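Me: I should like to go through the reasoning behind several labels attached to this structure. Please set each value against its criterion and then conclude.

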Amino acid sequence: MRYKISGKQIDIGEALQFHVQSELGGVVNKYAERPTDATVVFSRSAHEYVCEATVHLSTGLTAQAKAHATDIYAAFDSCNMKMEKQLRRYKRRLKDHHRERSEPVELSGAASYILASESNEQDAEPDTLQPIIVAEMETKIPSLSVGEAVMQMELAGSPVLVFRNENKDGLNVVYRREDGNIGWIDP
């Protein structure tokens with residue numbers, strides 16, 4: 001498994017890198033059969049350290065965890081515990097519902113845009129009706145079942161996931177509703 005361990009405006013020593021590789025590697029190897037790579041980013045937020053970890057699995061799914069603590073090792077350990085919990089739940093769901101996936105998740109490319117938020121002036125007329133694009137990037141749309149899409153959305157901690165429904169060959173959306181339930185859009 002490939003590791004990318006970095007810090008945002010802080011130095012990451014070799015001892016911390018070794019600790020991250022051994023601890024995260026142990027958790028990932030315990031619950032995931034073929035992890036491909038892991039990215040761990042450390043940063044500071046006021047007096048706390050923030051640890052963000054992302055693990056990509058060969059099935060196409062991604063697990064993410066984030067934790068804060070006053071000590072950098074404690075921040076990683078807390079993040080590692082959250083990652084372990086997610087991967088344990090993911091493995092349990094695979095055993096319970098999906099048995100063995102015979103082939104990896106198929107991914108297709110798509111464009112992803114981040115649009116600028118509205119200005120603070122509610123009554124002002126915009127100069128143009130075209131939105132301002134802040135960022136434009138490539139993203140992958142996975143081909144999943146609805147259950148796998150909900151699991152992927154929960155693992156990523158995102159409020160919405162666009163996916164290609166492998167049963168109906170069309171684009172679908174799952175999202176977290178305000179009442180806490182999961183919504184599914186099947187056009």
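Reply: Certainly; please bear in mind that this is a predicted model. A convenient start is M83, which, leaving out residues up to four places away in sequence, touches L24, A53, T54, V55, A63, Q64 and A65.

Me: What makes a residue such as L24 or M83 stand out in the largest nonpolar core?

Reply: L24 and M83 are among the residues with the most contacts inside that core, together with V40, F42 and L87. The core has 39 residues. Two or more residues come from each of helix 1, strand 2, strand 3, strand 4, helix 2 (72-98), helix 3 (146-156) and strand 7 (160-165). Helix 2 gives the largest share, seven residues. Domain 1 (2-98) and domain 2 (143-185) each supply at least three residues to this core.

Me: Why is the pair C51 and C79 not called a disulfide?

Reply: The sulfur of C51 lies 3.9 Å from that of C79, its closest cysteine sulfur, which is too far for a bond. A disulfide requires the two sulfur atoms to be within 2.5 Å, and C79 is accordingly in no disulfide. The structure holds zero disulfides.

Me: How do you know whether C51 and C79 are buried or exposed?

Reply: The term buried applies under 20% relative accessible area. C51 has 0% and therefore counts as buried. C79 has 1%, so C79 is buried as well.

Me: Why is A69 called buried?

Reply: The relative accessible area of A69 is 14%. Because the limit for buried is under 20%, A69 meets the criterion. A69 belongs to strand 4 (residues 62-69). Not counting residues up to four places away in sequence, A69 touches E48, Y49, A74 and A75. With E48, 21 residues apart along the chain, the C-alpha separation is 5.3 Å.

Me: What makes the links from N172 to W184 and to D186 polar contacts?

Reply: The criterion asks for a pair of N or O atoms within 3.5 Å, with one able to donate a hydrogen and the other to accept it. The side chains of N172 and W184 are joined at 2.9 Å, and those of N172 and D186 at 3.3 Å. Both links are polar contacts.

Me: Where does N172 lie, and is N172 buried or exposed?

Reply: N172 is in strand 8 (residues 170-176). Its relative accessible area is 1%, so N172 is buried. Beyond its neighbours within four places in sequence, N172 is in contact with L161, V162, F163, N165, W184, I185, D186 and P187.

Me: Why is a positive phi worth remarking on in a residue other than glycine?

Reply: Because most residues other than glycine have a negative phi. Q9 has a positive phi of about 60° although Q9 is not a glycine. A46 likewise has a positive phi of about 60° and is not a glycine. Q9 is found in the loop between strand 1 (2-7) and helix 1 (14-31), and A46 in the loop between strand 2 (35-45) and strand 3 (48-57).

Me: How do you know whether Q9 and A46 are buried or exposed?

Reply: Exposed means over 50% relative accessible area. Q9 has 83% and is therefore exposed. A46 has 67% relative accessibility, so A46 also counts as exposed.

Key:
Residues are numbered from 1 along each chain as its sequence is written. This is a predicted model: local features need pLDDT of at least 70, side-chain atom pairs count only at pLDDT 80 or more; totals for chains, interfaces and linings use all residues. Side-chain values use heavy atoms; hydrogens and water are left out. Helices (H or I, at least four residues) and strands (E, at least two) are DSSP runs, numbered from the N terminus. Buried means under 20% relative accessible area, exposed over 50%, partly exposed in between (1.4 Å probe, protein chains only). Contact means heavy atoms within 4.5 Å. A nonpolar core is a set of buried Ala, Val, Leu, Ile, Met, Phe, Trp, Tyr and Cys residues joined through side-chain atoms within 4.5 Å. Domain bounds come from an automatic or database domain assignment.
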